[in-house]
Amino acid sequence: MLFQLLRTPLCGSPAVFSGCVRSLRCTPCRTLLHKPPPQSRGLKTRSKKTRSQEEEWRSRNRTLLTYIAAAGVGMIGLSYAAVPLYRLYCQATGLGGTAVAGHDADQVETMEPVKDRILKITFNADTHASMQWNFRPQQSEIYVVPGETALAFYRAKNPTNKPIIGISTYNVVPYDAGQYFNKIQCFCFEEQRLNPHEEVDMPVFFYIDPEFDEDPRMARVDTITLSYTFFEAKEGQKLPLPGYSYS
Amino acid sequence: MSTAMNFGSKSFKPRAPDKGSFPLDHFGECKIFKETFMKCLRDNSFDNAKCRLQSKDYLECRMENQLMAKEPMEKLGFKDLMEPPPSQADGDTKP
């Protein structure tokens, strides 16, 4: 009804009614002039408005969906990338006992011994309770420097009347020094068979990484203990090599 | 093997040796070299630096008796004990 009143001044009909309306509602009348007269279109205008609104919603939905899809793909990609990234992080921080980068076989050839840092390596030998070998180190300790290869011996004897197959693993304490302890060759992780009443020498050829001297965490470490434990292995059992090889 | 049962803390992860495992010396072919090495260690209060020549001899014995893969001694960290050969050094240094 209000719009009807306003419309009459547009047509220019000289009714008092309309003049009254004109004076009262001049500005809104002018503003309404610019707007498409809503009354006459009726349904069509409303649907046009809703149509444009619908289009706007649709385009907004589309962008939203695109963003969500991109985020989903990004998450999947991140989960795939996390594997090498985590490995890099572990290598950098030495977390989980992973080898610190720079540990490769060619280093043995070129490394220089750090002559002023003497370390005492003590040896320990254990057997599992059911393992009947006599297993012991042949030296209680050895003094080495980082960067120098060293040889050490253990001795194992089978006192029983039947052949026994043993398999061993090792441990290094203190834990942080273990990452600098590199074994070139040893007798661990492979089945070793001892015939009845046989006694053998088992060598361990190792070196301490020269970077040990530069690590501030190792500044007060003077003794490293290498501990081997022998277990009895069943015939034909194949154990996988431990650790994840990065080299 | 680490016996600590606290999950979440770092546990020791043993690494495989670089060059694998020594075959056992069942026949004691290199026992003499080992005895020499152990005697040297005992005489020098277990100082490894003084007995490197004996350890090199032991490893060479192993290589000769098929108990170890043959490798030039420089690769095992004994380059300071090798006398530099007159003209062969150039060919031997890099594998």
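The questions and answers below walk through a predicted model of two chains, A and B.

User: How are the residues and chains labelled, and what kind of model is this?
Analyst: Residues are numbered from 1 along each chain as its sequence is written, and chains are lettered from A, with ligands numbered from 1, in the order in which they are written. Side-chain values use heavy atoms, leaving out hydrogens and water, while local features need pLDDT of at least 70, side-chain atom pairs count only at pLDDT 80 or more, and totals for chains, interfaces and linings use all residues, as this is a predicted model.

User: Let's start with chain B. What order do its elements run in from the N terminus?
Analyst: Helices (H or I, at least four residues) and strands (E, at least two) are DSSP runs, numbered from the N terminus. Chain B has three helices and zero strands. From the N terminus on, its elements run α-α-α.

User: What share of the residues in chain B is buried?
Analyst: A residue is called buried under 20% relative accessible area, exposed over 50%, and partly exposed in between (1.4 Å probe, protein chains only). Chain B has 95 residues, and the buried ones make up 33%.

User: How many residues of chain A are in contact with chain B?
Analyst: Contact here means heavy atoms within 4.5 Å. On the side of chain B, 42 residues take part, and on the side of chain A the number is 54.

User: What is the area buried between chain A and chain B?
Analyst: The size of an interface is often given as the accessible area lost when the parts come together. Buried area is that loss (1.4 Å probe), summed over both parts. Carbon and sulfur atoms give 54% of it here, and the total is about 4,400 Å².

User: Which residues of chain A lose the most area to chain B?
Analyst: Three residues stand out, together giving 16% of what the chain A side buries. They are A:E109, A:L151 and A:Q185.

User: How many residue pairs in polar contact does the rule find across the interface of chain A and chain B?
Analyst: A polar contact is a pair of N or O atoms within 3.5 Å; within protein, one must be able to donate a hydrogen and the other to accept it, and residues adjacent in sequence count only if both atoms are side-chain atoms. With both residues at pLDDT 80 or more, the rule finds 20 such pairs across the interface.

User: Which element gives the largest share of the side of chain A that touches chain B?
Analyst: Elements giving two or more residues to this side include α6 (107-110), β4 (149-157) and β8 (199-208) of chain A. The largest share is six residues, and it comes from β8(A).

User: Which side chains meet in a salt bridge across this interface?
Analyst: Side chains of opposite charge can pair when their charged atoms come close. A salt bridge is a side-chain nitrogen of Lys or Arg within 4 Å of a carboxyl oxygen of Asp or Glu. The rule finds one across the interface of chain A and chain B. At 3.1 Å, N to O, it joins B:K34 and A:D201.

User: Which backbone oxygen does the side chain of B:R15 reach?
Analyst: B:R15 lies in the segment before α1 (31-43) of chain B. This residue is buried yet has no salt bridge, and the nearest side chain of opposite charge, B:D18, is 6.2 Å away. (Lys and Arg count as positive and Asp and Glu as negative; His and the chain ends are not counted.) At 2.9 Å, the side chain of B:R15 reaches the backbone oxygen of A:F181.

User: Is B:S21 buried or exposed?
Analyst: B:S21 is also found in the segment before α1 of chain B. Its side chain reaches the backbone oxygen of A:C186 at 3.3 Å, and a polar contact of 3.3 Å joins it to the side chain of A:Q192. Because its relative accessibility is 13%, B:S21 counts as buried.

User: How many residues apart are A:D213 and A:R117?
Analyst: Their side chains meet in a salt bridge of 3.1 Å, N to O. A:D213 sits in the loop between β8 and β9 (223-232), and A:R117 in the loop between α6 and β1 (119-127), so the pair links distant parts of chain A. A:D213 is partly exposed at 31%, whereas A:R117 is buried at 10%. In sequence they are 96 residues apart.

Definitions and conventions: Buried area is the accessible area (1.4 Å probe) that two parts lose on being put together, summed over both.
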